[in-house]
Amino acid sequence: MLKSNSNLQPNRLGEAAINASRQMWLASLGAAVVTRDWVQSEAGDVFKTLVKEGTVVESRAIRFVGDRIETSVSLANSVWKETRRTVESTVKQAADTAVSIAQQVLPKTLPTFEIPGVAKVRKPAKRVAKAAKKPARAKKTAKRGRKTTKRA
């Protein structure tokens, strides 16, 4: 059977709970003091060692990633060049084929025809005509010179 609840003493239970919480508080204060002492005496060297190890790991990672990127860029460049060569070759072949088909299908000379209502374009005068005008000017100046001498 069950014992009666009369054996429970609420005061003792409350004191045990307070003692337990006080012991937790004191343990955490002790941990803080021990940690403070450790940081002041030994942690500086440990911290410096951790920084050195972290630096080594970081430089290895950067080298590794850099090598991978360099390899990827080289591969991408070679694929790009090969693709470009293939496209250029294919376009050249297609253009050559189109030219040969056009040469076979189209006549060698195309017929000429005139469109009614469209004026023909005149060709500009040749330079020879300009050269012929120069002596005529010389003749005019000579005639002027004669006239001035007659008046005098």
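Reader: Okay, so buried means under 20% relative accessible area, exposed means over 50%, and partly exposed is in between. Where does Glu82 fall, then?

Author: This is a predicted model, and in it Glu82 has 44% relative accessibility, so Glu82 counts as partly exposed.

Reader: Cool. Which residue does Glu82 form a salt bridge with?

Author: Arg85: the two side chains meet with N to O at 2.8 Å. Both residues lie in helix α1, 3 residues apart, which is about one turn of the helix.

Reader: How many salt bridges are there?

Author: The count comes to 4. Among them is Glu88 with Arg84, whose closest N and O atoms are 3.2 Å apart. Those two are 4 residues apart in helix α1, so about one helical turn separates them. Another is Arg36 with Asp37, at 3.5 Å from N to O.

Reader: And are Arg36 and Asp37 buried or exposed?

Author: In between! Arg36 is partly exposed at 47%, and Asp37 is partly exposed too, at 36%.

Reader: Switching topic: what makes up the nonpolar surface patch?

Author: Trp38, Val39, Val46 and Leu50 make that patch, which covers about 370 Å². Leu50 lies in helix α1, which runs over residues 10-105. With 57% relative accessibility, Leu50 is over the 50% cut-off, so Leu50 counts as exposed.

Reader: Zooming out, how many helices and strands does the chain have?

Author: There are 2 helices and 0 strands.

Reader: And how much of the chain is buried?

Author: Buried residues are 1% of the 152 in the chain. The chain exposes about 15,400 Å², with 62% of that supplied by carbon and sulfur atoms.

Notes. Residues numbered from 1 in each chain as written. Predicted model: local features only at pLDDT ≥ 70, side-chain atom pairs only at ≥ 80, totals over all residues. Heavy atoms only, no water. Patch = residues over 30% accessible without salt bridge, like charges linked within 9 Å, V, L, I, M, F, W, Y side chains within 5 Å. Areas by Shrake-Rupley, 256 points an atom, 1.4 Å probe, with all protein chains shown as cover. Buried < 20%, exposed > 50% of the residue type's maximum accessible area, 1.4 Å probe, protein only.
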